[in-house]
Amino acid sequence: MDTDDGKPAQASVVLDRPAHTARVRATLRWRAAGRTATVRLGEVDRATRAENLREGWRLAREAGLLAAEIPEGSWACSAATRASMQANKGKNTKPERRLRSLLHKAGLRYRVSVRPIPTLRRTADVVFTSAKVAVFVDGCFWHGCPDHGSTPASNRDFWATKIAGNRARDAETTALLEQAGWTVVRVWEHTEPAAAADTVITAVAHARATAHPITKDGR
């Protein structure tokens, strides 16, 4: 959905039944500017929970609360799944920004979202060109994190294949860059920012020392 500041937010439909009534009511909930916001959608009275959720999304759509309709043939088979997938940005994510901020404070300079090798169609999140270090901040969902990755309940075969393909591409990218003399650093988006920054700083220092070893006379 679209928020007041024009930025998309991931929303969910929540069902609850107040103690004083047997009727089920649907509420749209989302987070914006670090706070949780809600809008009462109305009462729903379908036979199953799944049908009540669908009715809740219909009410939200009719109220003009959703950013867009689900396109015909979309890979998201429900509004909830589509909203969740759209919330997973491909670049300039919050973990990336936090990492870059720490690296900048450490005095490191880098390029953002560029191809380490111009002729190779693979983009790294942070690139140290002279040191030949490429950093990837892998999202837990899209890259199949063993601790936090999950497969949507709907269309499971599609998503399992998609994520497996992403992991295979990650491995291929790492191999291609290493064959070309690059150091590849991969950190999960859930990694504590300071720990991720330390890993990158160490890798850059090692790459620079290896490329320009200090001789006995200190040069």
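I began with the criterion that a salt bridge is a side-chain nitrogen of Lys or Arg within 4 Å of a carboxyl oxygen of Asp or Glu. The model is predicted, so I kept in mind that local features need pLDDT of at least 70, that side-chain atom pairs count only at pLDDT 80 or more, and that totals for chains, interfaces and linings use all residues. Residues are numbered from 1 along each chain as its sequence is written, and side-chain values use heavy atoms, with hydrogens and water left out.

Entry on salt bridges. I found eight salt bridges in the structure, and I looked up three pairs and a network. Glutamate 96 pairs with arginine 100, their closest N and O atoms being 4.0 Å apart; the two residues are four apart in helix 3, and therefore separated by about one helical turn (helices are DSSP runs of H or I with at least four residues, strands are E runs of at least two, both numbered from the N terminus). Glutamate 96 is buried at 3% relative accessibility, and arginine 100 is also buried, at 13% (buried means under 20% relative accessible area, exposed over 50%, partly exposed in between, with a 1.4 Å probe and protein chains only).

I then turned to arginine 186 and aspartate 170, whose closest N and O atoms are 3.9 Å apart in a salt bridge; this pair links distant parts of the chain, from strand 7 (residues 183-188) to helix 4 (residues 156-179), 16 residues apart. Arginine 186 is partly exposed at 27%, whereas aspartate 170 is buried at 14%.

Aspartate 16 and arginine 25 meet at 2.7 Å, N to O, and I noted a salt-bridge network linking Arg46, Glu55 and Arg58.
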